[in-house]
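Work through the exercises below with the model open beside you. Try each task before reading its solution.

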Amino acid sequence: MLENPHITQTDVQLTAAIRLTIKREEIRNVMGPGITELMTTVAVQGIGPAGPWLTHHLRMDPEIFDFEICVPVTAAVTPVGRVAPSQLPAARVARAIYIGPYEGLSDAWREFDEWMQANGHVGGSELWEVYVAGPETGPDSSKFRTELNHPLES
């Protein structure tokens with residue numbers, strides 16, 4: 001279920017990130033270790049997390065995910081292992097909240113894209129998902145909340 005699709009302006013957000021280029025089916029194997037590595041690094045450096053973790057998708061391909069696992073930070077992270085400094089851009093974005101299990105995200109993005117097209121908005125080549133509430137909030141995946149963000153072309 002999508003909630004409140006709208007257009008908003010974002011500010012630059014510093015992140016600590018691990019960039020990955022993987023086959024789509026490998027996503028479940030890399031997320032947990034990546035999030036743990038990020039959270040440990042930013043905690044040790046005393047710079048975060050400054051908000052929920054997210055994924056920043058840099059190139060859209062149905063078979064290959066080229067993306068960063070990120071966590072917002074209050075200052076640039078010092079590179080350690082796979083963790084490097086990155087950022088989300090300041091952008092005019094289409095945004096909505098998806099409520100439900102992660103397995104429904106593909107359908108949520110399709111519905112969101114349809115809303116964008118119906119309202120005359122054209123998305124750019126990247127997007128990001130902010131995992132506002134997930135497994136850490138309880139086992140009922142029907143209550144997970146994921147913020148969908150798609151920067152718009154000028």
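**Exercise 1. State how β1 and β6 are joined, then place them in the sheet.**

Step 1. Strand β1 runs antiparallel to β6 (residues 91–99), and 7 bridges join the two. Strands are DSSP runs of E, at least two residues long, and helices are runs of H or I, at least four long, numbered from the N terminus. Two strands pair if DSSP finds at least two bridges between them.

Step 2. Pick out one bridge: threonine 10 has alanine 91 in β6 as its partner.

Step 3. Zoom out. The open sheet has 8 strands, in the order β1-β6-β8-β7-β3-β4-β2-β5, with antiparallel pairing. β1 (2–10) and β5 (84–88) are the edge strands, each pairing on one side only.

A note on the source: this is a predicted model, in which local features need pLDDT of at least 70, side-chain atom pairs count only at pLDDT 80 or more, and totals for chains, interfaces and linings use all residues. Residues are numbered from 1 along each chain as its sequence is written, and side-chain values use heavy atoms, with hydrogens and water left out.

**Exercise 2. Locate threonine 15 and decide: buried or exposed?**

Step 1. Threonine 15 sits in strand β2.

Step 2. Its relative accessibility is 1%, so threonine 15 counts as buried. The cut-offs are under 20% relative accessible area for buried and over 50% for exposed, with partly exposed in between (1.4 Å probe, protein chains only).

Step 3. List contacts (heavy atoms within 4.5 Å). Beyond four places in sequence, threonine 15 touches residues including Cys70, Val77, Ala84 and Gln87.

Step 4. Check the polar side. A polar atom of the threonine 15 side chain lies 3.4 Å from the backbone nitrogen of glutamine 87.

**Exercise 3. Find the hubs of the largest nonpolar core.**

Step 1. Define the set: buried Ala, Val, Leu, Ile, Met, Phe, Trp, Tyr and Cys residues joined through side-chain atoms within 4.5 Å.

Step 2. The largest such core has 31 residues; Ala16, Phe67, Ile69, Phe112 and Leu148 touch the most other members.

Step 3. Trace the suppliers. At least two core residues come from each of β2, α1, β4, β6, α2 and β7.

Step 4. Look at one hub. Outside four places in sequence, isoleucine 69 contacts residues including Ala16, Ile18, Val30, Leu38 and Trp53.

Step 5. Look for another core. A second, separate one has 8 residues, among them Cys70, Val93, Trp128 and Val130.

Step 6. Add the context. In soluble globular proteins, nonpolar side chains tend to be buried together.

Methods
Polar contact = N/O pair within 3.5 Å; in protein donor to acceptor, adjacent residues only side chain to side chain.
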